[in-house]
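Please walk through this protein with me, from its overall shape down to single residue pairs. Keep the structure in view as you read.

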Amino acid sequence: PAAPTSYNDDVAAVTNTLSTAAATNATQPGLNIGTGLTDTPKLYVDGVLTPATYDAVTGTLTPTAPLSEGAHALTYTLTNGAGTESAKSPALNLSVDTTAPAAPATPTTYKDDVGSVTGAASTAGTTDDTTPGINVGVGLTDTPKLYVDGVLTPATYDAVTGTLTPNSPLSNGLHNFSTTLTDAAGNESAKSGVLPITKQSP
């Protein structure tokens, strides 16, 4: 049969019925092999026949038991009504990763580029900058997320400056900033400690 090129990833935070990602936190990824097959598909994981369920509607062949953490090669065969089994398909290679990154360090500074007092690494407890850029580190390979007062907040990460900046202005008052890291498989770390900053009017 043809080489599988995608799989169903139904485990948050990154889900996709046609995923081509090299890593996933789904321990039972559904190999996309085509809908309405008349021959019986069999799943092989790392060359070993593996119990699996075929869904003729979605076209997925899904292992019935979770795969172990690490790299795996997924192939399949087709067996006709006479019991003749085809050769294995070429493999789809993916890594099962269910381990979240370690919690990032507590942020201690932020970029303030508004008003008469500015700084790339401000430690001031108050600011008139409505979108302070929290310094989380340059060149991160995992994806940082910003939480303001415990709430996930849309933000933009600049890998060159190392800042994570809220996309929308903050209201006046005290805000507690924390961050997380999410790896390529979608595993999110625990939150960092908080950096308290009070937003005040100019």
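Two strands count as paired when DSSP finds at least two bridges between them. The model is predicted. With that in hand, start at the C-terminal end of the strand list. Thr-126 has Thr-198 in strand 20 as its bridge partner. That contact belongs to the pairing of strand 13 (residues 126–127) with strand 20, which run parallel and are joined by two bridges. Strand 20 also pairs with strand 19, in the antiparallel sense and over five bridges. Here Asn-176 has Pro-196 as its bridge partner in strand 20.

Now look at the side chains of strand 20. In a regular strand the side chains alternate between the two faces of the sheet. Strand 20 shows this alternation. Leu-195, Ile-197 and Lys-199 point to one face and are buried. Pro-196 and Thr-198 point to the other face and are not buried. The bridge partners named above, Thr-198 and Pro-196, both sit on that second face.

Step back to the whole chain. The protein has zero helices and 20 strands. Its C-alpha atoms fill a box of roughly 80 × 25 × 25 Å along the principal axes. The radius of gyration is 24 Å, whereas a compact globule of 202 residues would have one near 17 Å. Buried residues make up 37% of the 202 residues. The accessible surface comes to about 10000 Å², and carbon and sulfur atoms account for 56% of it. Among contacts with a separation of 6 or more, 57% join residues 24 or more positions apart.

Next come the sheets. Strands of a sheet pair through backbone hydrogen bonds, either parallel or antiparallel. One open sheet has five strands in the order 12-11-14-18-17, and its pairing is antiparallel. Strand 12 (119–122) and strand 17 (155–158) stand at the edges. Each has a single partner strand, so one side of each is left without a neighbour in the sheet. From one strand to the next, the twist averages 30°. At the strand 12 edge, two bridges join strand 12 to strand 11 (residues 110–112), and the two run antiparallel. Tyr-110 stands opposite Ser-122 in strand 12.

Another open sheet of five strands has the order 3-10-9-5-6, with mixed pairing. Its edge strands are strand 3 (23–24) and strand 6 (48–50), and each pairs on one side only. Within this sheet, strand 9 (residues 70–79) and strand 10 (residues 92–96) run antiparallel and are joined by five bridges. Gly-70 has Val-96 as its bridge partner in strand 10.

Val-96 also serves as a reference point for Pro-66. The two are 30 residues apart in sequence and 9.8 Å apart in space, C-alpha to C-alpha. Pro-66 lies in the loop between strand 8 (60–63) and strand 9. Is Pro-66 buried or exposed? Its relative accessible area is 56%, so it counts as exposed. Even so, Pro-66 has contacts beyond its neighbours within four places in sequence: it touches Thr-27 and Gln-28.

The N-terminal strands give a simpler picture. Strand 1 (residues 7–9) and strand 2 (residues 16–19) pair in the antiparallel sense over two bridges. They form a hairpin with six residues between them. Asp-9 has Asn-16 as its bridge partner in strand 2.

Finally, turn to charge. Side chains of opposite charge can pair when their charged atoms come close. How many salt bridges are there by the rule used here? The count comes to one. Glu-188 forms it with Lys-145, and the closest N and O atoms are 3.9 Å apart. The cut-off is 4 Å, so this pair qualifies. The salt bridge links distant parts of the chain. Glu-188 sits in the loop between strand 19 (173–182) and strand 20 (195–199), while Lys-145 lies in strand 15 (residues 143–148). The two are 43 residues apart. Why do both count as partly exposed? Glu-188 has 29% relative accessibility and Lys-145 has 23%. Partly exposed covers the range between the 20% limit for buried and the 50% limit for exposed, so both residues fall in that class.

Methods: Residues numbered from 1 in each chain as written. Predicted model: local features only at pLDDT ≥ 70, side-chain atom pairs only at ≥ 80, totals over all residues. Heavy atoms only, no water. Salt bridge = Lys/Arg side-chain N within 4 Å of Asp/Glu carboxyl O. Helix = DSSP H or I, 4+ residues; strand = E, 2+ residues; numbered from the N terminus. Buried < 20%, exposed > 50% of the residue type's maximum accessible area, 1.4 Å probe, protein only. Axes fitted to C-alpha atoms, helices over the stretch in contact; angles between N-to-C directions. Rg over C-alpha atoms; globule rule 2.2 N^0.38 Å. Contact = heavy atoms within 4.5 Å. Areas by Shrake-Rupley, 256 points an atom, 1.4 Å probe, with all protein chains shown as cover.
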